[in-house]
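This report asks how a single protein chain is arranged in space. Please keep the sequence and the structure in view while reading.

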Amino acid sequence: MKATAMAHPIQGLVKYHGMRDDIKRLPYHDSISVCTAPSHTRTTVEFSMDYEEDTFVVDGDELDGRAYERVEAVVEKARSKSDAAHTVYPVRLESENSFPTNVGLGSSSSGFAAAAMALAEAAELDASKGEISTIARVGSASAARAVTGAFSHLRTGMNDEDCRSERIPSNLHEDLKIVVGLVPYHKDTDDAHREAADSHMFQARNAHIHEQIAKMRDSLRNDDFEGVFERAEHDSLSLAATTMTGPSGWVYWQPATLAVFNAVRELREEEDVPVYFSTDTGASVYVNTTEEHAEEVEEVVSDCGVSTTVWDVGGPARLLEEDDHLF
């Protein structure tokens, strides 16, 4: 009846934008990402007759409103797949993040992935990672990829059999270092997704994305560092163009974001360093480089006036021991 799980957040490489179904959270097109570690979310869930109602707590704050509804959707998806009698009882869910949230670092992906993993265990589901990814997806489409971990591909579709995540074999995790330039700027990704299809750039991005998915998969399988991260950099620009040309004209990048972009390009073009920037829907920047150049790259990014940390590739969501329960 009680379980704890951990998941790592994702960096989008070919990012999804917009959803054809806001309830089931079915994206318009495929997406590919890489999980980042040691950043993680740890989540404990418990079904119990001792609770009066479902309660969700994230980083010490009890959820309500839309945040509550999104977690409730994941809980109900897990309940619907379970034959265990105790899942009719109210559930308590507590979650803690090891990294800043709402700044473009994928906290919703790790949050819903850890929740889905813990719920599947507490609800006694005999489910594969792919099946658990469909539970996480109703909280956040990116969370599906955080369930399967490392380099993962979420396929679009109209049902759970098609719209689920799978791993892409690649050895790039052995040398990849991700320098994170933290640019604190609160954002709401849901608003951007809701407006995506209203941008005049959306149809062009949607037509373009299928070839990018195929090329990204091929580059990952061939351990082609330049091919993967040059494409991820370009996809970041494409995503921003679609976001900025929606009805609300969302602009998430800040001066520090652009400073990091320029510093990265100077390193690459003038010093021949293998380094590429990437952003999701937010102001913080992922700077992808190799282990050999990580220290040099972090110093240059830090000189842009932002806080930095260096992350590695994270694995799939996993269950933790009883000693790791949050309550």
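The report treats the domains, the nonpolar cores, the empty spaces and a few individual residues in turn.

## Domains

The structure is a predicted model. Its chain is divided into domain 1 (2–171) and domain 2 (172–313). Taken over C-alpha atoms, the centres of domain 1 and domain 2 are separated by 23 Å. Contact between the two takes 40 residues from domain 1 and 50 residues from domain 2.

## Nonpolar cores

In soluble globular proteins, nonpolar side chains tend to be buried together. In this model, the largest nonpolar core has 35 residues. Those with the most contacts inside this core are Val45, Phe56, Val71, Val74, Val91 and Leu119. Two or more residues of the core come from each of β1 (2–7), β6 (41–47), α1, β9, α2, α3 (129–137) and α4. The largest share is that of α2, which gives 10 residues.

Apart from this core lies another, of 26 residues, including Ala150, Leu172, Val180 and Tyr276.

What is Val71 in contact with, leaving aside its neighbours within four places in sequence? The residues are Phe56, Leu63, Leu93 and Phe112. Phe56 appears again here, as it is also among the residues with the most contacts inside the largest nonpolar core.

## The largest pocket

Rolling a probe the size of a water molecule over the atoms shows where empty space is left. The largest pocket holds about 970 Å³ of space. Its lining is made up of 40 residues, and Arg70, Asn102, Ser107, Ser108 and Phe112 lie nearest the centre of the pocket. Phe112, one of these, is also in contact with Val71.

Which elements each supply at least two residues of the lining of the largest pocket? They are β2 (10–14), α1 (65–80), β9 (91–97), α2 (107–122), α4 (141–148) and α5 (189–195). The largest share of this lining, five residues, comes from α2. Helix α2 therefore has the largest share in two settings: it gives five residues to the pocket lining, and it gives 10 residues to the largest nonpolar core.The lining of the pocket also draws at least three residues from each of domain 1 (2–171) and domain 2 (172–313).

## The largest cavity

The count of cavities of 30 Å³ or more comes to one. About 100 Å³ of space lies in the largest cavity. It is lined by 13 residues, and those closest to its centre are Ala240, Thr243, Tyr252, Trp253 and Asp280.

The table sets out the classes of the residues in the two linings.

| Lining | Nonpolar | Polar | Charged |
|---|---|---|---|
| Largest pocket | 12 residues | 17 residues | 11 residues |
| Largest cavity | seven residues | five residues | one residue |

## Two loop residues

Is Glu52, which is placed in the loop between β6 and β7 (55–58), buried or exposed? Glu52 counts as exposed because its relative accessibility is 80%, and the cut-off for exposed is over 50%. Glu52 and Val91 are 39 residues apart in sequence, and their C-alpha atoms are 8.9 Å apart in space.

Ala283 is placed in the loop between β13 (275–278) and β14 (285–290). With a relative accessibility of 0%, Ala283 counts as buried, since buried means under 20%. Leaving aside neighbours within four places in sequence, Ala283 is in contact with Val103, Val183, Tyr185, Tyr252, Gln254 and Thr257. Tyr252 is also one of the residues closest to the centre of the largest cavity. The C-alpha atoms of Ala283 and Phe112 are separated by 22 Å, and the two residues are 171 residues apart along the chain.

## Backbone geometry

Most residues other than glycine have a negative phi, and most peptide bonds are trans. Some places in this model depart from that pattern.

The peptide bond from Ala37 to Pro38 is cis, with omega near 10°. Pro38 is found in the loop between β5 (31–37) and β6.

Glu124 has a positive phi, near 60°. This residue lies in the loop between α2 and α3. Glu124 is exposed, as its relative accessible area is 57%.

Asp223 also has a positive phi, near 55°. Its place is the loop between α6 (202–221) and α7 (225–244). With a relative accessible area of 32%, Asp223 is partly exposed.

Key. Residues numbered from 1 in each chain as written. Predicted model: local features only at pLDDT ≥ 70, side-chain atom pairs only at ≥ 80, totals over all residues. Heavy atoms only, no water. 1 Å grid on protein atoms, 1.4 Å probe; cavity = no way out; pocket = protein on both sides within 12 Å on 5 of 7 lines; lining within 4 Å. Points joined across faces, edges and corners; volume = space filled by probe spheres on them. Helix = DSSP H or I, 4+ residues; strand = E, 2+ residues; numbered from the N terminus. Nonpolar A, V, L, I, M, F, W, Y, C, P; charged D, E, K, R; others polar. Domains from an automatic or database assignment. Core = buried A, V, L, I, M, F, W, Y, C linked by side-chain atoms within 4.5 Å. Buried < 20%, exposed > 50% of the residue type's maximum accessible area, 1.4 Å probe, protein only. Contact = heavy atoms within 4.5 Å.
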